[in-house]
Amino acid sequence: MSQVIGYEKVGDIAVLSANNPPVNALGAEVRQGLLAGIERAEADGVRAVLIYGEGRTYFAGADIREFGKPPQDPWLPALCDRIEASPLLVVSSLHGTALGGGLEVALSCHFRIAPPLTKVGLPEVNLGIIPGAGGTQRLPRVAGVEAALDMITTGRHVQASEALQMGVLDKVQDGDPREIGLAFVRDLLDTGAPRRPVCEMAKPTPIDFDATYDAVLKKGRGQLSPAIAVRAVQASCEAHDFAAGQARERELFTELMASDQRKGLIHAFFAERAVSKLPELQGIKPRELHQIGVVGGGTMGAGIATSALLAGLSVVLLEMSVDAAKAAKDRIAANLAGAVKRGKLSPDAQVEILENRITLSTDYDALSGVDLVIEAVFEDMEIKKQVFAKLDATCKSGAVLATNTSYLDLNEIAASTGRPSDVIGLHFFSPAHVMKLLEIVVADHTAPEVIATGFALGKRLGKVSVRAGVCDGFIGNRILNAYRTCADHMVLDGASPFQIDAALTGFGFAMGPFAVSDLAGLDIGWAARKRKRASGLDPRARDSFYADKLCEAGNFGQKTGKGYYVYEQGNRNRRPNPEIMPLIEAERAAKGISPREFTDEEIVRRYMIAMVNEAAKVVGEGIARRPLDVDITLLYGYGFPRYWGGPLKWADLQGLSNVLDDIRRWSGEDPYYWQPAPLLEKLATEGRCFDDLNKAS
């Protein structure tokens with residue numbers, strides 16, 4: 001018998017126990033063991049089979065080590081069919097999570113029981129595929145089409161109580177999975193319950209699948225797998241029989257397996273797991289963190305404080321005045337109220353946090369005992385240097401001094417202290433208590449244990465942390481500047497901000513660049529432009545001033561109600577600002593530019609290749625250690641469509657030689673801007689791709 005699937009007889013019940021830690025993944029050995037166990041039970045003269053998982057979970061899904069490799073027998077679809085066809089009564093006792101193939105195994109059994117804290121789901125769409133072992137055919141038969149589509153197209157995890165109501169589970173009972181499973185099987189046998197193969201159940205009632213397909217495709221902003229799942233579920237209603245429905249599921253599954261979107265989503269899946277695994281931190285112990293300080297209680301500072309409080313840390317928040325400190329606490333209270341509303345925090349916990357775990361002060365001495373302090377004041381170098389000089393004088397030895405700067409030179413900030421080894425950049429994204437990305441910026445003298453502390457804090461806060469080097473804008477904002485400049489060039493040359501936003505949301509971005517600027521605040525970009533102009537722009541660079549005129553009139557985007565768009569009803573509604581195009585047209589005329597038309601396809605291509613080219617420079621210069629660091633940064637901080645895997649994965653899928661050809665062609669119209677990154681040229685010339693660098697790392 002397999003080492004990962006145990007076998008025992010308990011009276012006339014055969015018990016198959018999975019023991020493949022940590023999550024009982026359905027690898028080849030597990031599948032082989034289950035098949036052997038079913039066959040042995042049928043030869044053993046028992047009346048029923050119980051399948052359950054040892055450890056913390058039932059089968060939590062596929063074995064990710066098999067991704068991209070040829071499947072080994074038995075394939076999961078064949079195994080599920082074999083379990084369902086057994087003449088014995090087959091029962092699964094679930095606990096922990098039963099996801100993907102795990103739920104498909106459970107659905108191939110004749111009955112299912114689970115404790116209340118169990119979660120089930122079919123999250124395959126998040127990997128660019130659909131359930132491929134009968135999930136789109138069995139789930140609609142037990143739960144109905146609408147409930148099945150909700151689970152499959154969203155990939156969401158469903159609590160046991162809801163799964164019971166849906167018909168996915170037959171019983172929910174607290175207790176040990178083995179014991180409640182055995183008792184359930186015994187009751188079924190004692191009452192003469194017949195086998196109940198899902199494949200023999202009546203076909204579910206159909207819905208308007210065409211309308212549902214269109215709605216799901218629109219909601220997914222072009223992601224194919226949820227919409228294709230609709231067609232697979234449709235087959236459960238319309239196919240001649242169960243086998244024909246399964247064949248249609250397999251056909252659609254195979255198509256998605258060959259798609260670029262599946263490749264992009266698989267890349268994102270593995271990149272997220274690799275991004276925080278840095279060789280330089282092996283064996284490095286982070287400093288202890290119990291209490292943190294936050295300097296500045298504006299939107300960003302309050303969000304950072306909220307994130308820390310929700311993670312169980314105590315916070316000392318420093319502001320310039322008592323009124324400002326009270327306003328900061330009100331922002332934090334509003335953030336916590338939002339967490340309560342979303343079910344992430346209990347009302348009692350909210351009260352406890354506000355009463356016991358946050359301290360307001362206007363005196364730097366209040367920060368003398370914190371383990372780490374994060375500065376979140378105005379984006380001005382002189383102000384930040386003044387703050388760090390005070391922190392240096394006040395904070396205890398060994399405290400980590402962090403800045404939330406988005407662009408500024410971390411080495412210059414660190415030099416304003418007597419302990420540059422303790423200084424690090426922790427660049428949060430707004431709203432800081434919601435956004436998952438955290439750029440951990442490492443200066444020239446940052447100590448390894450301080451870097452490790454930054455990553456430990458990011459993990460505790462539930463962030464996806466990316467290591468970045470020092471340059472203007474680090475990884476994300478530096479690349480943002482490049483593709484935003486490309487968008488500005490297209491505006492000067494004839495496109496409108498509104499066409500560009502529409503083309504890019506059509507590509508899959510959550511928002512276009514001009515809507516994003518409104519959300520972030522136009523004053524941020526305005527300050528950055530003035531800073532760059534003051535330091536001296538290259539005379540070959542194209543500059544534009546129409547956005548400055550918006551800011552000069554006090555229009556900073558959503559927070560003032562007007563920017564590129566006009567916002568009404570609490571920012572829920574927006575419409576193009578009619579003042580924008582006259583400003584742009586006046587600037588075109590002043591520069592002697594005759595506007596031309598752009599297609600949406602050209603807009604997307606130029607925008608994406610500008611992003612890729614700058615990203616290649618960031619990797620080539622070592623600001624990002626690996627291409628996957630760039631991809632994760634853009635995925636989690638900038639609304640990049642996950643199904644493309646990130647900009648450098650997108651470039652690999654396009655072919656680097658094709659990307660390079662476009663840059664060289666466009667360099668004729670703007671030789672200063674369209675210069676190919678040396679790393680991109682090197683990889684394209686050698687016939688390699690960015691993912692080769694990920695694998696090498």
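Axes here are lines fitted to C-alpha atoms, for helices over the stretch in contact, and the angles between them run from 0 to 180 degrees between N-to-C directions. With that in hand, let us walk through this structure, which is a predicted model.

## Two pairs of packed helices

Two packed helices are described by the angle between their axes and the distance between the axes. Take helix H4 (residues 135-143) and helix H9 (residues 224-238): their axes cross at roughly 60° and come within 8 Å. Angles of 65 to 115 degrees count as roughly perpendicular and those under 35 as roughly parallel, so H4 is oblique to H9. The crossing in which H4 passes H9 is right-handed. On the H4 side, the residues that meet H9 are Thr136, Gln137, Pro140 and Arg141, and their partners in H9 are Ala232, Val233, Ala235 and Ser236. Sorted by character, the residues of this contact between H4 and H9 are four nonpolar, three polar and one charged.

Now look further along the chain, at helix H25 (residues 627-637) and helix H26 (residues 647-654), which pack at an angle of about 115° with axes 7 Å apart. H25 is therefore roughly perpendicular to H26. Which residues in H25 and H26 meet? Pro627, Val630, Asp631 and Leu634 come from H25, while Pro647, Leu648 and Lys649 come from H26. The contact of H25 with H26 holds five nonpolar residues, no polar ones and two charged ones.

## The nonpolar cores

In soluble globular proteins, nonpolar side chains tend to be buried together. Here the largest nonpolar core has 102 residues, and the members that touch the most others are Leu367, Val630, Phe640 and Phe690. Helix H24 (residues 600-620) gives the most to this core, with 12 residues. Another core, of 67 residues, lies apart from it and includes Leu76, Ala106, Ala227 and Leu252.

Val630 is worth a second look, since you have already met this residue in the contact between H25 and H26. Leaving out residues up to four places away in sequence, valine 630 touches Ile475, Ile479, Ala615, Val618, Val619, Ala624, Pro647 and Leu648.

Methionine 611 is found in helix H24. Is methionine 611 buried or exposed? Methionine 611 counts as buried because its relative accessibility is 0%. Not counting residues up to four places away in sequence, methionine 611 touches Ile479, Tyr483, Phe509, Leu634, Phe640 and Pro647. How far apart are methionine 611 and alanine 211 in space? They are 35 Å apart, C-alpha to C-alpha, and 400 residues apart in sequence.

## Buried residues with polar or charged side chains

Lysine counts as charged, and lysine 384 sits in helix H15 (residues 381-394). With a relative accessible area of 1%, lysine 384 is buried. Setting aside neighbours within four places in sequence, lysine 384 is in contact with Glu375, Val377, Phe378, Glu379, Thr403, Thr405, Leu408 and Ile413.

Serine 307 is part of helix H12 (residues 299-310). This serine counts as buried because its relative accessibility is 5%. Residues up to four places away in sequence aside, serine 307 touches Ala432, His433, Leu461 and Lys463.

## Backbone details in the loops

Some backbone features deserve a visit too. What kind of peptide bond joins proline 21 and proline 22? The bond is cis, and a cis bond also joins aspartate 73 and proline 74; the table gives omega for each.

| Cis peptide bond | Omega |
|---|---|
| Proline 21 and proline 22 | about 10° |
| Aspartate 73 and proline 74 | about -5° |

Proline 22 lies in the loop between strand S2 (13-18) and helix H1 (28-43), and proline 74 lies in the loop between strand S3 (48-53) and helix H2 (76-85).

The loop between S2 and H1 is also the place of asparagine 24. Although asparagine 24 is not a glycine, its phi is positive, at about 50°. Asparagine 24 is buried, with a relative accessible area of 3%.

Phenylalanine 474 also has a positive phi, near 60°, without being a glycine. Look for phenylalanine 474 in the loop between strand S17 (464-468) and helix H18 (476-493). Phenylalanine 474 has a relative accessible area of 0%, so it is buried.

Methods. Residues are numbered from 1 along each chain as its sequence is written. This is a predicted model: local features need pLDDT of at least 70, side-chain atom pairs count only at pLDDT 80 or more; totals for chains, interfaces and linings use all residues. Side-chain values use heavy atoms; hydrogens and water are left out. Helices (H or I, at least four residues) and strands (E, at least two) are DSSP runs, numbered from the N terminus. Angles under 35 degrees count as roughly parallel, over 145 as roughly antiparallel, 65 to 115 as roughly perpendicular and the rest as oblique. Contact means heavy atoms within 4.5 Å. A crossing is left-handed if the near helix is turned anticlockwise from the far one by less than a right angle, and right-handed if clockwise. Buried means under 20% relative accessible area, exposed over 50%, partly exposed in between (1.4 Å probe, protein chains only). A nonpolar core is a set of buried Ala, Val, Leu, Ile, Met, Phe, Trp, Tyr and Cys residues joined through side-chain atoms within 4.5 Å.
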